[in-house]
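I opened the notebook to look up a surface patch, the sheet and some charged pairs, and I kept my notes in that order.

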Amino acid sequence: MPVVTTDAESETGIPKSLSNEPPSETMEEIEHTCPQPRLTLTAPAPFADEANCQCRAPHEKLTIAQARLGTPADRPVRVYADGIFDLFHSGHARALMQAKTLFPNSYLLVGVCSDDLTHKFKGFTVMNEAERYEALRHCRYVDEVIRDAPWTLTPEFLEKHKIDFVAHDDIPYSSAGSDDVYKHIKEAGMFVPTQRTEGISTSDIITRIVRDYDVYARRNLQRGYTAKELNVSFINEKRYRFQNQVDKMKEKVKNVEERSKEFVNRVEEKSHDLIQKWEEKSREFIGNFLELFGPDGAWTTDPSDIPYFVYCVIPPNICEEADVPREEQPDAAGLIPEAEPCEQPNPEPVPFPLPIAHLLVASTQNLTPFLTQSSFSLHQQHE
């Protein structure tokens, strides 16, 4: 593997050229004991001072081509990415994912600037430095977190942490009196660009909060925060609380309207079903009526033309003269003779048609109860 020559340094002290010549002094082969990339995610990434690299093997300089071809398992490519990482979001995570996957065998170190440096060169943050450190430790792509990272990278910092490459987006980052704080890293061939995620940034998130400040202030008042904690004046507090009450009333009215619409829809569905059933029964009723009294089955006095006919039955053994009073005359002995039984046969049952309504009922229902109560007998006539 190529080593760094002692005379190949830039003005900033960062090595910028590589030599294939072996070192003039022979030295014993020493195995690399640098920390390895995390294989499990059961614990957060360590801090740099907790996982300080104590490897005594010489840290030979790599080119981007060599790193992309792959390195031995005990010699991962050490990639450094730094930033503020305030309100850690998906844009941060995607940038770190790109830095982690630049090379087949890479160890990602992430530097996080302190509150003092950030407030001095960039501005006030929402999260303090301890919160930002912890957010980075729990990102799956991070192998090590460096606290209080420098604003501008120095040769001493790069050498201390044995950094091979620095990953950041390629847009010039002007700060601290420099047009691009990564300019010397780019000149040394140690810079690897990543792509920014459009549509998401810490500044965008803060802009949303500031734009909708009243909404979030009312939201937190509802959640139990005090006006003092929100730095809200007495008048604004009362205004926000009144608006919250108005919104609650609007929500109740909206719920009542939705329930009313749902009820009306259910009634309409039931009405439709009832009307449909009524129409079906009406068709059935009319069909039965036409079957009985239509052109093929008109009402006549002939019992054979009527499907159902009711006969009036005269009780047996009753003579027509039974109701005619007779004068009883005694015989010669003075006795009144017994009355001779009436030998006249009972008359035939007299046909008596039922009313039309009863006949319609008889066509679809059992007439037995009706006939029993009215002392009629039902006879079905067959053609």
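I looked first at the surface, where F285, I286, F289 and L290 form a nonpolar patch with about 400 Å² of accessible area together. Patches join residues with over 30% relative accessible area and no salt bridge, nonpolar side chains (Val, Leu, Ile, Met, Phe, Trp, Tyr) within 5 Å and like charges within 9 Å; areas are Shrake-Rupley values with a 1.4 Å probe, and for residues only the protein chains shown count as cover. F285 sits in helix α10 (residues 234–293); helices (H or I, at least four residues) and strands (E, at least two) are DSSP runs numbered from the N terminus.

I noted that this is a predicted model, with local features needing pLDDT of at least 70 and side-chain atom pairs pLDDT 80 or more, while totals for chains, interfaces and linings use all residues. Residues are numbered from 1 along each chain as its sequence is written, and side-chain values use heavy atoms, without hydrogens and water.

Next I traced an open sheet of five strands, ordered β3-β2-β1-β4-β5 with parallel pairing, where a pair needs at least two DSSP bridges. Its edge strands are β3 (144–147) and β5 (191–194).

Which residue does D49 meet in a salt bridge? I found R147, at 2.7 Å from N to O; a salt bridge is a Lys or Arg side-chain nitrogen within 4 Å of an Asp or Glu carboxyl oxygen. The pair links distant parts of the chain, with D49 in the segment before α1 (64–69) and R147 in strand β3, 98 residues apart. The structure holds 14 salt bridges.
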